Amino acid sequence: MKVVVDPHSGFCPGVISVTRKAEEILESNAVLYSLGEIVHNEKELSRLAGKGLVTVGSISDVEPGSRLLVRAHGEPPQFYAAARERRLDVVDGTCPVVLKLQKDIRAAWQRVSPSGGSVVIFGKIGHAEVLGLVGQTDGGAVVVENLSQLEDKIASGAITAPVELFSQTTKSPDEYLTLQKRLSASFDSVSVNDTICAQVSGRHKRLREFSASHDVIVFVAGESSSNGKVLFELCRACNGRTYLVGSADGIDPSWFRPDDSVGVCGATSTPKWLLEEVAAAIENLQ
């Protein structure tokens, strides 16, 4: 078998940056908390926990005066107010793309809300990034995960013109285009904002090409990675012999034939070291 790791897979720049921030702090043996998972990948979380990163589910779980890391996903305005009250030393690792999106949504809400308009966000309900985005509208934004939910919101009157449409940075460009067309067919005033991360958007095209160029695709992603689910389905649509694993432990030798060309790729939350580990395990099957 020939095994190839996709050169474009691995952490996106936002995750690389926040992970480096965490490692630099942890190298000094300082205590560092993360509000929620720094990245949606179990293996990487375990590696960072081994270095001392403490993941908590609530800001109330952080000792007053401690250092707290903001993940690449970002946080709503209320978080920063609560952190100040708790005297926390906030290390802000919010991705610059997400920061700009937060700012743009806040400005859009200020434009449309006085006239009864709507801000619509295409994203995963409850996702950390989406919660930060909705926070820019004081909870007033309408979040939809798919076309069916958008249809329901339109039918119920939950969406009113003028409409400002945004997307979570890691969503499917094709699905986003479908929502744009549906909204434009129902409302005269719809402003569409191009907010999917350029690297994520470009990765869709490259993964289609990568998946089609190999006999077998092994896609590596954490169970909680929404981006991983989107990209895995994209690969599987291009190549029926596509398999999802969280680590090398998930590999099944029956997937492969001796003369197969195997491509290994992953989500924006999958570290390069894990992709290489999976590739090496496949090579060792021979």
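Trainee: Why is Ser-247 called buried?

Mentor: Buried means under 20% relative accessible area (over 50% is exposed, in between is partly exposed; 1.4 Å probe, protein chains only). Ser-247 has 9%, so the word buried fits. Mind you, this is a predicted model, where local features need pLDDT of at least 70 and side-chain atom pairs pLDDT 80 or more, while totals for chains, interfaces and linings use all residues. Residues are numbered from 1 along each chain as its sequence is written, and side-chain values use heavy atoms, leaving out hydrogens and water.

Trainee: Where does Ser-247 sit, and which residues is it in contact with, leaving aside neighbours within four places in sequence?

Mentor: Look in the loop between β11 (242-245) and β12 (261-266). Those labels are DSSP runs numbered from the N terminus: helices are H or I with at least four residues, strands are E with at least two. Contact means heavy atoms within 4.5 Å, and beyond the neighbours within four places, Ser-247 has it with Lys-43, Leu-274 and Val-278.

Trainee: How do you know whether Thr-268 is buried or exposed?

Mentor: Use that cut-off again: Thr-268 has a relative accessible area of 6%, so it's buried. You'll find Thr-268 in the loop between β12 and α10 (272-283). Not counting residues up to four places away in sequence, it touches Gly-10, Phe-11, Cys-12, Val-15, Val-200, Arg-203 and Asn-227.

Trainee: And what about Lys-171, buried or exposed?

Mentor: Buried, because its relative accessible area is 10%. Lys-171 is in the loop between β8 (163-167) and α7. Skipping neighbours within four places, its contacts are Phe-122, Gly-123, Lys-124, Ile-196, Val-200 and His-204. Its C-alpha is also 8.6 Å from that of Cys-197, although the two are 26 residues apart along the chain.

Trainee: On to helices. What makes α1 and α2 roughly parallel?

Mentor: Two packed helices are described by the angle between their axes and the distance between the axes. Axes here are lines fitted to C-alpha atoms, for helices over the stretch in contact, with angles from 0 to 180 degrees between N-to-C directions. Under 35 degrees counts as roughly parallel, over 145 as roughly antiparallel, 65 to 115 as roughly perpendicular, and the rest as oblique. The axes of α1 and α2 come within 10 Å and cross at roughly 25°, and therefore the two are roughly parallel.

Trainee: Which residues meet there?

Mentor: Thr-19, Glu-23 and Leu-26 of α1 meet Glu-44, Arg-47, Leu-48 and Lys-51 of α2. They divide into 2 nonpolar, 1 polar and 4 charged. By that split, Ala, Val, Leu, Ile, Met, Phe, Trp, Tyr, Cys and Pro are nonpolar, Asp, Glu, Lys and Arg are charged, and the others, Gly among them, are polar.

Trainee: At what angle do the axes of α6 and α7 cross?

Mentor: The axes of α6 (residues 147-156) and α7 (residues 173-186) cross at roughly 20° and come within 10 Å. That makes α6 roughly parallel to α7. Leu-147, Leu-150, Glu-151 and Ile-154 of α6 make the contact with Thr-178, Leu-179, Arg-182, Leu-183 and Ser-186 of α7. The residues there divide into 5 nonpolar, 2 polar and 2 charged.

Trainee: How many residues has the largest nonpolar core?

Mentor: It has 18, and Leu-32, Ile-38, Val-39, Leu-53 and Leu-69 have the most contacts inside it. A nonpolar core is a set of buried Ala, Val, Leu, Ile, Met, Phe, Trp, Tyr and Cys residues joined through side-chain atoms within 4.5 Å.
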